[in-house]
Amino acid sequence: MPPKQSRVMRLEPQRTCVACRNVSSKVGLVRLVRTVDGKIEVDVTGKRPGRGAYLCTSNQCWASAVGKGPLERAMRVRLDQETRESLLAYGSDFGKREVSA
């Protein structure tokens, strides 16, 4: 009788980008979180408490999500102009990183 294999295959968590709706691994996306006071912030750890949404590292996804409303729907909050600008600035850095990499 062959010995039992003790390895357990762990599945990587999958998440969906709120802009393009592509499913990807959790580590390949950027998590945004709505804090208790209603602000939207980038969650670099992926573990902050609050309502979360995920975006690809694509400039088009960030512009679409912040500008056209998918992020507001996912987070169930209205984005103010200051938050929009800071999120767009954060998202625009991905294009620079991808070109230089």
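1. Ser25 is a convenient place to begin, since with a relative accessibility of 17% this residue counts as buried, the cut-off for burial being under 20% relative accessible area. Ser25 belongs to strand 2, and its side chain is engaged in a polar contact with the side chain of Glu12, at 3.3 Å. When residues up to four places away in sequence are set aside, the residues that Ser25 touches are Glu12, Pro13 and Gln14, so Glu12 appears both as a polar partner and as a contact in the broader sense. The model discussed here is a predicted one, and the remarks that follow should be read with that in mind.

2. Val23 lies in the same element, strand 2, which spans residues 23-25. Its relative accessible area is 56%, and Val23 is therefore classed as exposed, because the class begins over 50%. Leaving out residues up to four places away in sequence, Val23 touches Gln14, Arg15 and Thr16, and Gln14 is also among the residues touched by Ser25. A further relation of Val23 is with Cys56, which is 33 residues away along the chain, the two C-alpha atoms being separated by 9.5 Å.

3. The segment that leads into strand 2 deserves a remark on backbone geometry. Arg21 is located in the loop between strand 1, residues 14-16, and strand 2, and its phi is positive, at about 65 degrees, although Arg21 is not a glycine. The relative accessibility of Arg21 is 57%, and the residue therefore counts as exposed.

4. A second non-glycine residue with positive phi is Arg76, for which the value is near 55 degrees. Arg76 is placed in the loop between helix 2, residues 70-75, and helix 3, residues 81-100. With a relative accessible area of 62%, Arg76 is likewise exposed.

5. Asp43 is a charged residue with a relative accessible area of 4%, and is therefore classed as buried. Asp43 lies in strand 4, which covers residues 40-43. What does the side chain of Asp43 meet in the way of polar groups? It makes a polar contact with the side chain of Thr45, at 2.9 Å, and one of its polar atoms lies 3.1 Å from the backbone nitrogen of Lys47. Beyond residues up to four places away in sequence, Asp43 touches Arg31, Leu32, Val33 and Arg48.

6. The largest pocket holds about 210 Å³ of space. Its lining is made up of 14 residues, of which Lys26, Val27, Leu29, Val44 and Gly46 are the closest to the pocket centre. By residue class, the lining divides into seven nonpolar, three polar and four charged residues.

7. For the protein as a whole, the order of elements from the N terminus is β-β-β-β-β-α-α-α, which corresponds to five strands and three helices. The protein has 101 residues, and 33% of them count as buried. Among contacts with a separation of 6 or more, 44% are accounted for by residues 24 or more positions apart. The accessible surface comes to about 7300 Å², and carbon and sulfur atoms contribute 53% of that area.

Conventions. Residues are numbered from 1 along each chain as its sequence is written. This is a predicted model: local features need pLDDT of at least 70, side-chain atom pairs count only at pLDDT 80 or more; totals for chains, interfaces and linings use all residues. Side-chain values use heavy atoms; hydrogens and water are left out. On a 1 Å grid over the protein atoms alone, a cavity is a set of points where a 1.4 Å probe fits but cannot get out, and a pocket is an open set with protein on both sides within 12 Å along at least five of seven lines; lining residues have an atom within 4 Å of a point. Grid points are joined across faces, edges and corners, and a volume is the space filled by probe spheres set on the points. Helices (H or I, at least four residues) and strands (E, at least two) are DSSP runs, numbered from the N terminus. Buried means under 20% relative accessible area, exposed over 50%, partly exposed in between (1.4 Å probe, protein chains only). Contact means heavy atoms within 4.5 Å. Accessible areas come from the Shrake-Rupley method with a 1.4 Å probe; for residues, only the protein chains shown count as cover. A polar contact is a pair of N or O atoms within 3.5 Å; within protein, one must be able to donate a hydrogen and the other to accept it, and residues adjacent in sequence count only if both atoms are side-chain atoms.
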